[in-house]
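Grab a pencil and have a look at this one. Below are a few exercises, each with a worked solution.

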Amino acid sequence: MEPLIEEAAKKAAVAWLSVPGAGPAYLVWCAWLGGSLLVVSGPGEQPAPGLAEASTVDVTLRGDHGGRIVTWAATVTRIDPSADEWAELVPQLAGKRLNGVAELATVWAERCVVSRLTPAGDTRPLPDDAQAAPPRPSPATRLPKRPFRLHKVRGAKRDRQR
């Protein structure tokens with residue numbers, strides 16, 4: 001495993017996942033444990049379209065200021081709640097959750113999927129262009145009236161001359 005992947009993943013709280021055939025990349029909460037990135041998805045948790053069924057994904061990690069640090073291919077495995085791996089990793093993952101409840105690992109075992117993303121091969125080369133795209137349409141978007149002014153200042157110049 002490349003040291004860049006491990007160092008970036010240890011510091012990351014979120015990652016961008018590109019699942020083949022699932023549309024554009026999306027953001028997920030994650031944690032680096034046991035040499036892999038762990039992601040929880042399912043009812044009551046974050047959506048991760050296609051992740052539970054995928055065998056590989058591309059993971060992109062960004063720095064504190066939003067710049068891309070590294071993109072790498074990962075193999076996806078689902079952690080079974082009855083496995084020793086679950087007992088070792090999932091309680092640690094639940095402890096890293098900021099707004100978790102006491103029995104979070106039990107809730108995840110009943111209705112969620114915990115996916116383990118393990119680095120597979122080298123990093124992907126960074127693109128030459130910015131790959132910026134316009135925001136996707138949303139019903140929550142509305143255009144403000146132009147021009148916007150917080151307040152009007154009347155006679156300010158006259159008051160200063162006195």
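The exercises go from the sheet to the helix across it and then to the cores, and keep in mind that this model is predicted.

**Exercise 1. Work out the strand order of the open sheet and find which strands stand at the edges.**

Solution. Start by walking across the seven strands: the order is S2-S1-S5-S6-S7-S4-S3, with antiparallel pairing. Next, look at the two ends of that order. S2 and S3 (31-33) each have a single partner strand, so one side of each is left without a neighbour in the sheet. Finally, check the twist: neighbouring strands are turned by 40° against each other on average, direction ignored.

**Exercise 2. Zoom in on S5 and S6: how many bridges join them?**

Solution. Count along the antiparallel pair and you get seven bridges. For a landmark, find arginine 62, which sits opposite arginine 68 in S6.

**Exercise 3. Find the strands that helix H2 lies across.**

Solution. Take residues 84-96, which make up H2. This helix lies across S2, S3, S4 and S7 (113-124), and runs at about 145° to S3.

**Exercise 4. Which element gives the most to the largest nonpolar core?**

Solution. First, size up the core: it has 24 residues, and those with the most contacts inside it include Leu37, Trp72 and Leu117. Then list the elements giving two or more residues, among them helix H1 (3-11), S1 (14-18) and S4 (36-41). S6 comes out on top, with four residues.

**Exercise 5. Which residues does leucine 51 touch, leaving out those up to four places away in sequence?**

Solution. Go round its side: the contacts are Leu17, Val19, Tyr26, Val39, Val57, Val76, Ser115 and Leu117. Apart from the largest core lies another, of 15 residues, including Ala31 and Val114.

Methods: Residues are numbered from 1 along each chain as its sequence is written. This is a predicted model: local features need pLDDT of at least 70, side-chain atom pairs count only at pLDDT 80 or more; totals for chains, interfaces and linings use all residues. Side-chain values use heavy atoms; hydrogens and water are left out. A nonpolar core is a set of buried Ala, Val, Leu, Ile, Met, Phe, Trp, Tyr and Cys residues joined through side-chain atoms within 4.5 Å. Buried means under 20% relative accessible area, exposed over 50%, partly exposed in between (1.4 Å probe, protein chains only). Contact means heavy atoms within 4.5 Å. Two strands pair if DSSP finds at least two bridges between them. Axes are lines fitted to C-alpha atoms, for helices over the stretch in contact, and angles run from 0 to 180 degrees between N-to-C directions.
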